[in-house]
Amino acid sequence: MTTQKPLELILARNLMSALSTPAFLVDEGGVLVFYNEAAGALLGKRFEELGTVGAEEWGSLFGPFDEAGEPIPYDELPLVVAVRNGRPAHADLQISSADGTRHRVEVSAFPILTPHGSQGAIAVFWPAGSSNGAGH
Amino acid sequence: MKVKLWGTRGSIPSPGPETIRYGGNTSCVGVTLADGSMLALDAGTGIRSLGLALAQEPARLHILLTHLHLDHIQGLVFFAPAFQPQTEIVIWGPASPEASLRDRIARYISAPLSPVEVRELPCDVSFRHCPQSEWEIGSARISAASVSHRGPTLGYRIDDGGSSLAYIPDHEPALGADLDSLEEDWISGLGLARNASLLIHDGQYADAEYPDHVGWGHSSLSHALSFARRAEAERTVLFHHDPMHSDERLDRLSEEARERWGAMGGNPEAIDLAVERAEYELPTRMVSAISAT
């Protein structure tokens, strides 16, 4: 018998696929398992092109950088805090898209808690200074 | 493994002359394992007939509940073995952060909805949350996984004697998802159904009815067929008929399902619409041993 992803991740991905707000999804081990089209537009690369990215690896693909332009340690990223500590986290940071353009964004991440414990976390990206999270 | 459909209807019992062939009882499937162990999948009103049909009360039987919507538990207090002191009944079901399985079921088996309370049932009844890993009942290995429906809901797979039964009666895997293109492990329930000898799956709505019921937790005919194609089950039974569907309507849906399944490259005879009291015997197969050389 093959195994499916936890239902909560499946439903999260289905919801994120329908959103215009950039959103990322990691599993309980911190592996980046999905981001939606809006996030792909922000990063300049669709998830289908990149595929699943292991924990510790995905952080470096897009920066992220603090206000001074210094790389933010992986352990301090909101998604990592959410999945490891099981609590919401928020940050203002910069990410780098595939063409090198930097985008200032606000990131809110929250854990996906289930009766069987944490199954991962979701992060929603909000372009800083924008009143429209979709960036339109 | 022998499988008998005791209730095939969804939502609410729908007895009457217009539903007499496909049946009006709500979800219940009886399973007799190779070693004689007895399972009931869900306890809709069909379980009343199952209880009456048991010529000799088994010493122990297991009821596997997919979820606690009324059409899946309504028959519990009319299940004759529950009133036999010598019978042991183990009720399995989904966990919930809100309350234990026993406490949630007791909301139905208690006043004012029921004349008896759980503690008054003469049988030896126990309640267990389904584990996330496989477990054994009699000669079978049982797997359960959360599936897309409203509220905590499980699908089951029963592997016994080299055959397998997947039971996912309430399921909307296509909610926000493209079943034809998604990777296998991102499709709700597919791991349970993969290569099953028999897949019993939600097929509540005709395609034209689905747009008015998006998010209600059930499948359209197209979604059920797409799911079955991805699962590559040997035989699929479409289950949980809408209470508004008469026998004549279900005949037309059956014909459409078989035509479309044939057009998808499948054997039209391998798709059935569930009929109350229909029986399926899943052959015991030799399981090849892997030699340790």
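**Exercise 1. The β1–β2 pair of chain A**

Task: Find how β1(A) and β2(A) pair in this predicted model, and describe the turn between them.

Solution:
- Step 1. Take the direction. β1(A) and strand β2 (residues 32-35) of chain A run antiparallel, with three bridges between them.
- Step 2. Pick out a pair. Leu25(A) has Phe34(A) in β2(A) as its bridge partner.
- Step 3. Look at the turn. The two strands, β1(A) and β2(A), make a hairpin with four residues between them. In that turn, Gly30(A) has a positive phi of about 85°.

**Exercise 2. Helix α5 of chain A**

Task: Which residues of helix α5 (residues 78-85) of chain A are buried, and what do they pack against?

Solution:
- Step 1. List the buried positions. They are Pro78(A), Leu79(A), Val80(A), Ala82(A) and Val83(A).
- Step 2. Find the partners. The buried residues of α5(A) pack against four strands of chain A: β1 (23-27), β3 (89-96), β4 (102-114) and β5 (117-127).
- Step 3. Check the helix end. Gly86(A) comes just after α5(A) and has a positive phi of about 65°.

**Exercise 3. The nonpolar core**

Task: Name the residues with the most contacts inside the largest nonpolar core, then trace the surroundings of Ala123(A).

Solution:
- Step 1. Recall the background. Nonpolar side chains tend to be buried together in soluble globular proteins.
- Step 2. Read the core. The largest one has 111 residues. Leu25(A), Leu79(A), Ala123(A), Leu165(B) and Ala166(B) have the most contacts inside it.
- Step 3. Find the main contributor. Helix α5 (residues 221-231) of chain B gives the largest share, six residues.
- Step 4. Trace Ala123(A). Beyond four places in sequence, Ala123(A) contacts Ala23(A), Phe24(A), Pro78(A), Leu79(A), Val107(A), Ser108(A) and Ala109(A).

**Exercise 4. Ile91 of chain B**

Task: Is Ile91(B) buried or exposed?

Solution:
- Step 1. Locate the residue. Ile91(B) sits in strand β5 (residues 88-93) of chain B.
- Step 2. Apply the cut-off. A residue is buried if 20 or more other C-beta atoms lie within 10 Å of its own. Ile91(B) is therefore buried, with 22 C-beta neighbours inside 10 Å.
- Step 3. Name the contacts. Outside four places in sequence, Ile91(B) touches Ile63(B), Leu65(B), Val125(B) and Phe127(B).

**Exercise 5. The seven-stranded sheet of chain B**

Task: Give the strand order of the open sheet formed by β7 to β13 of chain B, then add one strand pair and one helix.

Solution:
- Step 1. Write the order. The strands run β7-β8-β9-β10-β11-β12-β13 (chain B), with mixed pairing.
- Step 2. Mark the edges. β7 (135-137) and β13 (271-273) of chain B each pair on one side only.
- Step 3. Add the twist. From one strand to the next it averages 20°.
- Step 4. Take one pair. Strands β8 (residues 140-146) and β9 (residues 154-160) of chain B are antiparallel and joined by six bridges. Arg141(B) stands opposite Asp159(B) in β9(B).
- Step 5. Place the helix. Helix α6 (residues 247-263) of chain B lies across β12 (236-239) and β13 of chain B. Its angle to β13(B) is about 170°.

**Exercise 6. Contact and confidence**

Task: How many residues does each chain bring to the contact, and where in chain B is the pLDDT below 50?

Solution:
- Step 1. Count both sides. Chain A brings 15 residues and chain B brings 23 residues.
- Step 2. Sort the chain A side. Seven are nonpolar, six polar and two charged.
- Step 3. Read the scores for the complex. The predictor gives an ipTM of 0.78 and a pTM of 0.90.
- Step 4. Turn to chain B. Its pLDDT averages 94, and 97% of the residues score at least 70. Residues 287-293 of chain B fall below 50.
- Step 5. Draw the consequence. Predicted coordinates should not be read in detail where pLDDT is low.

Key: Residues are numbered from 1 along each chain as its sequence is written. Chains are lettered from A and ligands numbered from 1 in the order in which they are written. This is a predicted model: local features need pLDDT of at least 70, side-chain atom pairs count only at pLDDT 80 or more; totals for chains, interfaces and linings use all residues. A nonpolar core is a set of buried Ala, Val, Leu, Ile, Met, Phe, Trp, Tyr and Cys residues joined through C-beta atoms within 7 Å. A residue is buried if 20 or more other C-beta atoms lie within 10 Å of its own, exposed if 12 or fewer, and partly exposed in between; C-beta atoms are placed from the backbone. Two residues are in contact if their C-beta atoms, placed from the backbone, lie within 7 Å. Ala, Val, Leu, Ile, Met, Phe, Trp, Tyr, Cys and Pro count as nonpolar, Asp, Glu, Lys and Arg as charged, and the others, Gly among them, as polar. Two strands pair if DSSP finds at least two bridges between them. Axes are lines fitted to C-alpha atoms, for helices over the stretch in contact, and angles run from 0 to 180 degrees between N-to-C directions. pLDDT is the predictor's confidence in each residue, from 0 to 100.
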